[in-house]
There are 2 protein chains.
Amino acid sequence: MTEISTIALEKNKNNKGCTVCCQSCSISELCLPFSLNHSELDKLDNIIERKKPVHKNEILFKQGDMLGSIYAVRTGTLKSYKITENGEEQITAFHLPGDLVGFSGIFGEQHNHTTSALETAMVCEVPFNDLNFLLGEVPRVRYQVLRLMSKEIKNEQDLVLLSRLNAEEKISAFLLNLSKRFERHGFDPFNFRLSMSRSDIANYLGITIETVSRLLRKFHNDEILEVNNKQIIIKDIEKLKNIKG
Amino acid sequence: MTEISTIALEKNKNNKGCTVCCQSCSISELCLPFSLNHSELDKLDNIIERKKPVHKNEILFKQGDMLGSIYAVRTGTLKSYKITENGEEQITAFHLPGDLVGFSGIFGEQHNHTTSALETAMVCEVPFNDLNFLLGEVPRVRYQVLRLMSKEIKNEQDLVLLSRLNAEEKISAFLLNLSKRFERHGFDPFNFRLSMSRSDIANYLGITIETVSRLLRKFHNDEILEVNNKQIIIKDIEKLKNIKG
DNA sequence: CGGAATCTTGATTAGGTTCAAGATGAGTGG
DNA sequence: CCACTCATCTTGAACCTAATCAAGATTCCG
């Protein structure tokens, strides 16, 4: 929590010993700094701005906004959604720490989804023009950005595959995906709190909230999960992985 | 057709007046060369290899193959698909001329889908390491690659949105998407031939071939389309756009 | 021309939605 | 701290869209 109180004071031009910079960031292995050396990190640090916290339900950027920056999630959870022609919200992603948000806006030079916080979140802002310049200067930053964009393409493809599953498989895949990501961040993969509502889950998975509710109950009764409102305990991960076919 | 007969003879190191190079390519506006000047084009041309034609059902690269190259489609149509855990094929994209294929393989350094030809296709091979090097040298190539990767993220997101539609809306969206892409290539957007089978369409849209067949018949009866096996004539594009809500 | 693959059409079935109503939980003010 | 309210979540019953199953019809291709 000391980190939160010291952030966003000012852009740090001399990073030696700083408390808030890529060098000391706990998620650097999952984020842009991955595999960079000290001098490369310094260059990256100099273009990144730490932002004030984004509070629950606050919007980080809106669909249609000019693409100014990419954002890296440091703490908290956010969701991205599009407004369809019919005016409905369609959630396209949940973002955990280490995720980069906004790459899809490069084409067309404007963000093509809205991103808002599900709970208070800390993000780092990476101005796109600065980043683009850095790509020319530092090969490893370039490679890392390509990797992360490629990963986002992969994520979206996985979401397409998800859409072909039946409701039980969707819930299972959703929980297993969250579990894996929590584990990667050093959190308990078998006992976690959902930061999103049933409605968000349903929207994301393309099913109704009633179905989400019914299936979580079913998994609870089948002793695969312990469901207590937003708190989830995975009791039998093998069963969860073997849901249907 | 003269183009086809002269391709793949050898890598062209001096592009002045060449018949097969980015400078003279009819789809350069949709592809990597977009917005590049002559000297930039030369550099790009020097790393690109023109391939022999990929014949119908031939595989360009396989899921799991090491990522060696990205490919640009020059003529013909290809499809990309993944094999799911259950051994089923899941089509994730159809590729028309100008599309770039393979970006999702950068993360993980291996292709994560298989790409094969639906009809004889000509592709240009872009070795990834050479391209990555060029990104550092030529800012406009870098920007163009970022744009195209970003576009691919956007495409995948659209596919996710597609999955939320009902069957009629899916068919409608699919045909409108094809129509738009044909138009962009200078072909008739209202009269075209589907290069993919009903089975491929159904797979891609996440519905059954029976449903595809029934709905094409229905649209035909409603005088929205004229359907003659693979030949499609769009008779009333406004009606097609207004399918359901 | 003949056989296989692809496509069409019909009848039945089922998974998930919709509609409806009650239960639980979070937030607010007295 | 409790009562009150609104939002979220759960549960049940009826319904509907698209899947499945089953046969023909057409097209493709050697």
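A polar side-chain atom of Thr211(B) lies 2.5 Å from a phosphate oxygen of DNA strand D, a polar contact (a pair of N or O atoms within 3.5 Å; within protein, one must be able to donate a hydrogen and the other to accept it, and residues adjacent in sequence count only if both atoms are side-chain atoms). This is a predicted model, in which local features need pLDDT of at least 70, side-chain atom pairs count only at pLDDT 80 or more, and totals for chains, interfaces and linings use all residues. Residues are numbered from 1 along each chain as its sequence is written, chains are lettered from A and ligands numbered from 1 in the order in which they are written, and side-chain values use heavy atoms, with hydrogens and water left out.

**Around DNA strand D**

- Chain B also places a polar backbone atom of Ala167(B) 2.8 Å from a phosphate oxygen of DNA strand D.
- A base is reached too: an N or O atom in the side chain of Glu210(B) is 3.1 Å from a base nitrogen of this strand.
- Two or more residues of the surface near DNA strand D come from each of helix H6 (198-205) and H7 of chain A, and H7 of chain B; helices here are DSSP runs (H or I, at least four residues) and strands are runs of E (at least two), numbered from the N terminus.
- H7(A) gives the largest share, four residues.
- In total, 18 residues surround DNA strand D, and the closest are Ser213(A), Arg214(A), Arg217(A), Ala167(B) and Thr211(B); a residue is near a strand if one of its heavy atoms lies within 4 Å of it.
- Of the atoms of DNA strand D that come within 4 Å of the protein, 67% are from sugar and phosphate.
- By class, this surface has two nonpolar, eight polar and eight charged residues; Ala, Val, Leu, Ile, Met, Phe, Trp, Tyr, Cys and Pro count as nonpolar, Asp, Glu, Lys and Arg as charged, and the others, Gly among them, as polar.

**Around DNA strand C**

- DNA strand C has 17 residues around it, the closest being Ala167(A), Thr211(A), Ser213(B), Arg214(B) and Arg217(B).
- Thr211(A) brings a polar side-chain atom to 2.4 Å from a phosphate oxygen of DNA strand C.
- From chain B, an N or O atom in the side chain of Ser213(B) is 2.7 Å from a phosphate oxygen of this strand, and a polar side-chain atom of Arg217(B) is 2.6 Å from one.
- Here H7(B) supplies the largest share of the surface, four residues.
- The surface near DNA strand C holds two nonpolar, eight polar and seven charged residues.

**How the two chains relate**

- Chain B superposes on chain A after a rotation of 180 degrees with 0.0 Å of shift along its axis (RMSD 0.0 Å), fitted by least squares on the C-alpha atoms of residues with pLDDT of at least 70 in both.
- That is the relation of a two-fold axis.
- Both copies use the same surface: 100% of the contact residues of chain B recur in chain A, where contact means heavy atoms within 4.5 Å.

**Two helices worth a look**

- Helix H4 of chain A (residues 139-163) has 25 residues, of which 18 are buried (under 20% relative accessible area, 1.4 Å probe, protein chains only).
- In H6(B), the buried residues are Asp200(B), Ile201(B), Ala202(B), Tyr204(B) and Leu205(B).
- Those buried residues pack against strands S4 (78-83) and S5 (89-95), and helices H4 (139-162), H5 (167-184) and H7, of chain B.
- Just after H6(B) comes Gly206(B), with a positive phi of about 75 degrees.

Key: Buried < 20%, exposed > 50% of the residue type's maximum accessible area, 1.4 Å probe, protein only.
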